[in-house]
Amino acid sequence: MKDEINSKKFFSGPVIGLTVVLVFAVVMLIGASYAYYKVTLVAEGGFTLRSGALEITLDDVDSNEIFLNNTQPVTDEEGMSYKPYTFVLENTGNIDGDYVLYLDDVSIDGARMNDNYVKYNLSKDGESRDIKILAMNESFKTEEGITSRAIGKGTIKAGESFRYTLYLWVADLADNGVMNTEFKVKLRVGAAQVVPSACSVTKGDGNTVGDEVICGSEKFYVVASDASSLTMLAQNNLDLTTGLQKKDASSTHFADAVYWTNSTLTYPSYVYNESSNLYSYITKYNTYLKNLGLSSSSSTLMSYELAVRLGCNINTLSCVQAPEFVSSTSYFLGSASDNAGKVYAIASSKGFAPVSITDSFGIRPVVIISKSEL
């Protein structure tokens, strides 16, 4: 989640800060006969919003005042020949940030010029960009009710700086509608800390069975995917001491007694719940994932149905047809085969069969996350 910061508000907290040493207003005044046309740079003092993590400085370079004296709207070629406003955006903090450059309306007494009459060109570090009509940028209302439009955006790394040049002029397509109107805006920069995703796809595109995903230091294999979520199988079983994945982790038993005795159940039936000895380990692991930033995560055990979809076959008591990672460890499933104390398990020998709830197998979580958290 990104919390916007700007030159008009102070925000407290340890994550995001912004330093604005100069804010400028670009003013265009056009008389009824085009006799007066002027762009003025207005400095509004300097103040600091700062927190140690993200700190972005907006500063002018060599422009104090810009005058465009002409009697009529101009062509793009002529507009681009005028002296631009030059400014530098610098990230003096120690984390990366996403930023947006806005032009916000400033209060005027008369009629406001329509954005369709205004053209601009914004270039970064000399990189040429297309000339645009300002109205092509969708305008919106800020919390203060001010009309704003975004003219540029990007990511700025810690220690990085960009030099911008901004040209503004009245387009030669302007008609009589531009008469007796005024265009007055202020540049504003909004910024937000770039928060790395808690999970990243390290093999494949994240949509195919067997693709690999890392969340924090924990590795997973994709076992199912739909439009909004990803279902993943942990690479290893959980260590019973640390609660995290560990190669060759210790085993435990599913439950102390048969707790599903409902005669209405049709087997195989998914019976894993808080009555299982495995429940506290799975819950603790899910808390770990949420603390990584995976707010949508839910953790459970593999079901009989998922094991079959992956290639395990109860008739052959084998997972030979499943991907190798499915039987790379020995672990309990969450499904029971009957109401007499038998649950399914997968063995590292590629076996797939009902076992006693008092047999020892590992705990291998199945985790479901939102794709938006990748």
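This passage walks through the fold of a predicted model, with a look at one sheet, the helix packed on that sheet, the disulfides and a loop lysine.

Some chain-wide numbers first. The protein chain holds three helices and 24 strands. Of its 374 residues, 49% are buried. Contacts also reach a long way along the sequence: taking those between residues at least 6 apart, 69% join residues at least 24 apart.

Now for the sheet. Six strands make up an open sheet, running in the order β15-β16-β17-β18-β24-β20, with antiparallel pairing. The edges are taken by β15 (199-203) and β20 (298-300); each has a single partner strand, so one side of each is left without a neighbour in the sheet. From one strand to the next, the twist averages 35 degrees. As for what holds such an arrangement together, strands of a sheet pair through backbone hydrogen bonds, in either a parallel or an antiparallel way.

The β15 end of this sheet can be followed residue by residue. Strands β15 and β16 run antiparallel and are joined by four bridges. Across this pairing, C199 sits opposite C215 in β16. On to the next pair: β16 (residues 212-215) and β17 (residues 218-225) are again antiparallel, and four bridges link them. Two of the partnerships can be named here. V213 has F220 of β17 as its bridge partner, while I214 is matched with K219 of β17. The hairpin made by β16 and β17 has two residues between the strands, and G216 in that hairpin adopts a positive phi near 65 degrees.

What packs on the sheet? Helix α2 (residues 279-291) does, touching β17, β20 and β24 (366-370). The direction of α2 makes about 155 degrees with that of β20. The length of the helix checks out too: with 1.5 Å a residue, the 13 residues of α2 should span 18 Å, and the end C-alpha atoms lie 19 Å apart, which agrees.

Which residues of α2 are buried? They are I282, Y285, N286 and L289. Looking down the axis of α2, these buried residues fall within an arc of 100 degrees, so they line one face of the helix. That set of buried residues packs against β17, β20 and β24. Just after α2 comes G293, which takes a positive phi of about 115 degrees.

Next, the cysteines. Searching the whole structure turns up two disulfides. Counting bonded cysteines along the chain, the pattern is 1-2, 3-4.

One of the disulfides belongs to the sheet described above, and joins C199 to C215 with an S to S distance of 1.9 Å. C199 lies in strand β15 and C215 in strand β16, so this pair ties together parts that are 16 residues apart in sequence. The S-S torsion of C199 and C215 is about 110 degrees, which makes the disulfide right-handed. Are its two cysteines buried or exposed? C199 has 1% relative accessibility and therefore counts as buried. C215, at 0% relative accessibility, counts as buried as well.

The other disulfide joins C312 to C319, with S to S at 2.0 Å. Its S-S torsion is about 105 degrees, so this disulfide is right-handed. With 4% relative accessibility, C312 falls in the buried class. C319, at 0% relative accessibility, is buried too.

Last, a residue out in a loop. K247 is found in the loop between β18 (229-234) and β19 (269-270). Its relative accessibility of 63% is over the 50% cut-off, so K247 counts as exposed. How far from T329 is K247 in sequence and in space? The two are 82 residues apart in sequence, and their C-alpha atoms are 8.7 Å apart in space.

Technical notes. Residues numbered from 1 in each chain as written. Predicted model: local features only at pLDDT ≥ 70, side-chain atom pairs only at ≥ 80, totals over all residues. Heavy atoms only, no water. Pairing = 2+ DSSP bridges. Axes fitted to C-alpha atoms, helices over the stretch in contact; angles between N-to-C directions. Contact = heavy atoms within 4.5 Å. Expected span 1.5 Å × (residues − 1). Buried < 20%, exposed > 50% of the residue type's maximum accessible area, 1.4 Å probe, protein only. Arc of directions from axis to C-beta. Disulfide = S-S within 2.5 Å.
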